[in-house]
Amino acid sequence: MIVNSKDNFTDIAVQLLNGLGFADIQKMGEDSIIDITATKDGSKYAFKCKYDIDAISEKDMRSFLDSTGFGGRYDKLVYITNSSFAVSAKRLAESEGIELWDRNTFDRMTITIADKIEDAPVKARSHTGLIILFIIFLVIVICAGLYYYFFLKK
């Protein structure tokens, strides 16, 4: 799984969660602070996926925490990034029980489940249609030649 832009980061996170055995995976709307919800082993999870070149700040972490209603709707919160976390964000996450998946964690997880994720099978190119078309053309040419030889040639 290759993360090549912020546009496919959440989709790849969904694939990762699927490979890790999460169920009821739902991608939320773009205007939601929570990007993905899922369940595993009877626990409800809320995921925030942020593709960024900078470390995730305490402000970003606080925004996620405040939007989730932690303690009510979700049993576990997970913040996923392709980057890293600022020290203050790590402290807040630790004090609130938020699980952090940085780029290293994300990479390790994708490597461990790579064989579980099925990519779309590559369809082999087939020349069968071309061969059939050529045979039909050949039959028409032979029939035209025979018609000419037997009926039109006098």
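In the predicted model, alanine 38 is located in strand S2. Alanine 38 is buried, because its relative accessible area of 3% falls under the 20% limit. Leaving out residues up to four places away in sequence, alanine 38 touches Phe22, Ala23, Asp24 and Ile25, together with Ser43, Lys44, Tyr45 and Phe47. The C-alpha atoms of alanine 38 and lysine 27 are 8.9 Å apart in space, with a separation of 11 residues in sequence.

The protein as a whole contains 5 helices and 5 strands. Along the sequence these elements follow the pattern α-β-β-β-α-β-α-β-α-α. Of the 154 residues in the protein, 30% are buried. Among contacts with a separation of 6 or more, 53% are between residues 24 or more positions apart.

Two aspartates have an unusual backbone angle for their residue type. Most residues other than glycine have a negative phi. Aspartate 24, although not a glycine, has a positive phi of about 50°. Aspartate 24 lies in strand S1, and it is one of the residues touched by alanine 38. With a relative accessibility of 59%, aspartate 24 counts as exposed, because the value is over 50%. A positive phi of about 50° is also found at aspartate 41, again not a glycine. Aspartate 41 is placed in the loop between S2 and S3. Aspartate 41 is likewise exposed, at 74% relative accessibility.

The loop between strand S1 (23-27) and strand S2 (36-40) holds isoleucine 34. Isoleucine 34 is buried, its relative accessible area being 5%. Its contacts, not counting residues up to four places away in sequence, are with Met28, Ala46, Phe47, Phe64, Ser67, Thr68, Arg73 and Tyr74. Phe47 is thus listed for isoleucine 34 and also for alanine 38. Isoleucine 34 and cysteine 49 are 15 residues apart in sequence, and their C-alpha atoms are 8.0 Å apart in space.

The largest pocket encloses about 330 Å³ of space. Its lining comprises 15 residues, and those nearest its centre are Lys6, Thr10, Glu30, Asp35 and Cys49. Helix H1 (6-19) and strand S3 (43-50) each contribute at least two residues to the lining. The greatest contribution comes from H1, with 5 residues. By class, the lining is made up of 8 charged, 4 nonpolar and 3 polar residues.

Two of the residues nearest the centre of the pocket, Thr10 and Cys49, are also in contact with each other. Threonine 10 is part of helix H1. With a relative accessibility of 14%, threonine 10 counts as buried, because the value is under 20%. Apart from residues up to four places away in sequence, threonine 10 touches Lys27, Asp35, Ile36 and Cys49. Of these, Asp35 is likewise listed among the residues nearest the pocket centre.

Cysteine 49 is buried as well, at 8% relative accessibility. Cysteine 143, by contrast, is partly exposed, because its relative accessible area of 46% lies between 20% and 50%. A disulfide is a covalent bond between the sulfur atoms of two cysteines. The search of the whole structure returned 0 disulfides.

Threonine 81 occupies a position in strand S4 (residues 76-81). Threonine 81 is buried, with a relative accessible area of 0%. The side chain of threonine 81 reaches the backbone nitrogen of serine 83 at a distance of 3.0 Å. When neighbours within four places in sequence are left aside, threonine 81 is in contact with Phe9, Lys50 and Ile56, and with Trp101, Asp102 and Arg103.

Definitions and conventions. Residues numbered from 1 in each chain as written. Predicted model: local features only at pLDDT ≥ 70, side-chain atom pairs only at ≥ 80, totals over all residues. Heavy atoms only, no water. Helix = DSSP H or I, 4+ residues; strand = E, 2+ residues; numbered from the N terminus. Buried < 20%, exposed > 50% of the residue type's maximum accessible area, 1.4 Å probe, protein only. Polar contact = N/O pair within 3.5 Å; in protein donor to acceptor, adjacent residues only side chain to side chain. Contact = heavy atoms within 4.5 Å. Disulfide = S-S within 2.5 Å. 1 Å grid on protein atoms, 1.4 Å probe; cavity = no way out; pocket = protein on both sides within 12 Å on 5 of 7 lines; lining within 4 Å. Points joined across faces, edges and corners; volume = space filled by probe spheres on them. Nonpolar A, V, L, I, M, F, W, Y, C, P; charged D, E, K, R; others polar.
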